[in-house]
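Here is a short briefing for a first look at this structure. Keep the sequence and the 3D view open while reading.

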Amino acid sequence: MNSLYTLGLRQTASINGDLEKLRSGDASPGLQGQISTSLTGFNRTIDDYETMAKKEMIKAKQEKAFMRVSKFRADATELRAEFDRVKNQVANAKSKANRDDLLGDAGQTGPSVSRQRFNVNNPSNMGEHSENPFAASAQPTYNLREDHALREHSFIDSTENQLDAFIAQGREVLDNLVDQRNVLKGTQRRLLDAANTLGLSRDVIGWIEKRTTQDTIIFVVGAVFTFFCFWLIWHYLG
């Protein structure tokens with residue numbers, strides 16, 4: 001149970017560190033996915049710790065464990081709320097930046113649109129447009145390339161998020177294996193101590209049985225000798 005408590009403390013510190021990175025401007029989807037996965041693992045650790053606390057036989061330790069569970073629950077709720085708040089702030093800032101970029105692009109493309117309208121209204125420029133037969137087909141090709149690049153970028157982002165989630169799960173599994181190894185080492189140590197105690201107990205029992213047999217023989221020999229002495233006294237002095 002102590003290993004689960006230590007794991008919960010490590011997870012809390014890790015989530016706080018990731019939230020600090022998110023506040024500092026690292027708004028990558030991989031970091032957000034890692035925080036979400038860490039929060040899920042933290043809740044799972046709390047559930048496991050609560051289950052172990054319910055099985056505790058000593059009342060004082062059980063009450064202390066329940067207090068730790070309540071503290072972990074409050075920390076998990078606070079971390080989740082903080083993550084949602086920071087994530088919304090990052091999303092709003094990103095949306096504002098995109099809107100500003102869009103407005104800036106619109107301001108830059110305004111003169112070109114006016115120039116195109118002037119060219120359309122000016123008959124002298126009609127010949128120049130008609131002389132370029134590839135101008136109409138160039139724009140759809142560029143749009144197709146842009147759509148393909150956007151789809152590829154989205155696929156790479158989703159793949160990166162999945163890889164980050166897998167790495168976080170692998171890290172959590174590794175931590176659990178380390179904790180289980182520590183628990184098994186402690187169990188092995190207790191078993192060895194019990195085996196040594198049993199071996200000593202067997203030696204003591206064997207020694208006691210041997211001494212009991214010797215005492216019985218001494219008692220029988222002494223009793224026979226005493227009766228023989230009584231017979232001699234009665235026979236010769238009686």
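How much area does the protein chain expose, and what share of it do carbon and sulfur atoms supply? The protein chain exposes about 18100 Å². Carbon and sulfur atoms supply 61% of that area. Bear in mind that this is a predicted model.

**Overall layout**

- The protein chain has five helices and zero strands.
- Along the sequence, the pattern reads α-α-α-α-α.
- Of the 238 residues in the protein chain, 18% are buried.
- Take the contacts in the protein chain with a separation of 6 or more: 72% of them join residues 24 or more positions apart.

**The largest nonpolar core**

- In soluble globular proteins, nonpolar side chains tend to be buried together.
- Here, the largest nonpolar core has 19 residues. Leu22, Ile35 and Phe42 have the most contacts inside this core.
- Three helices each supply at least two of the core residues: H1 (2-23), H2 (29-54) and H3 (59-121).
- H3 gives the largest share of the core, with eight residues.
- Leu22 has a long list of partners once neighbours within four places in sequence are left aside. Ala27, Leu31, Gln32 and Ile35 are among them. Phe83, Val86, Lys87 and Val90 are also in contact with Leu22.

**A serine in helix H2**

- Ser38 is found in helix H2.
- Is Ser38 buried or exposed? Its relative accessible area is 18%, so Ser38 counts as buried, the cut-off being under 20%.
- Ser38 touches Ile15 and Asp18, not counting residues up to four places away in sequence.

**Aromatic pairs**

- How many aromatic pairs does a search of the whole structure find? The search finds five.
- Tyr5 and Tyr49 form one aromatic pair, and this pair is tilted. The rings lie 6.2 Å apart, centre to centre, with 35° between the planes.
- Why does this pair tie together separate parts of the sequence? Tyr5 lies in helix H1 and Tyr49 lies in helix H2, so the pair links parts that are 44 residues apart in sequence.
- The two tyrosines are covered to different degrees: Tyr5 is partly exposed at 22% relative accessibility, whereas Tyr49 is buried at 2%.
- Phe228 and Trp231 form a stacked aromatic pair. Their centres are 6.3 Å apart, and the angle between the planes is 25°.
- Phe228 and Trp231 are three residues apart in helix H5, so about one helical turn separates them.
- Both residues of the stacked pair are partly exposed: Phe228 has a relative accessible area of 45%, and Trp231 has 43%.
- Ring pairs also link Tyr5, Phe42, Tyr49 and Phe72 into a cluster. Phe42 appears again here, after its place among the core residues with the most contacts.

**A nonpolar patch on the surface**

- Which residues form a nonpolar patch on the surface? They are Phe227, Phe230, Ile233, Tyr236 and Leu237.
- Together, the patch residues have about 660 Å² of accessible area.
- Ile233, one of the patch residues, lies in helix H5, which spans residues 135-237.
- Ile233 counts as partly exposed because its relative accessibility is 47%, and partly exposed ends at 50%.

Notes
Residues numbered from 1 in each chain as written. Predicted model: local features only at pLDDT ≥ 70, side-chain atom pairs only at ≥ 80, totals over all residues. Heavy atoms only, no water. Patch = residues over 30% accessible without salt bridge, like charges linked within 9 Å, V, L, I, M, F, W, Y side chains within 5 Å. Areas by Shrake-Rupley, 256 points an atom, 1.4 Å probe, with all protein chains shown as cover. Salt bridge = Lys/Arg side-chain N within 4 Å of Asp/Glu carboxyl O. Helix = DSSP H or I, 4+ residues; strand = E, 2+ residues; numbered from the N terminus. Buried < 20%, exposed > 50% of the residue type's maximum accessible area, 1.4 Å probe, protein only. Core = buried A, V, L, I, M, F, W, Y, C linked by side-chain atoms within 4.5 Å. Contact = heavy atoms within 4.5 Å. Phe/Tyr/Trp six-rings, centres within 6.5 Å; stacked < 30°, edge-to-face > 60°.
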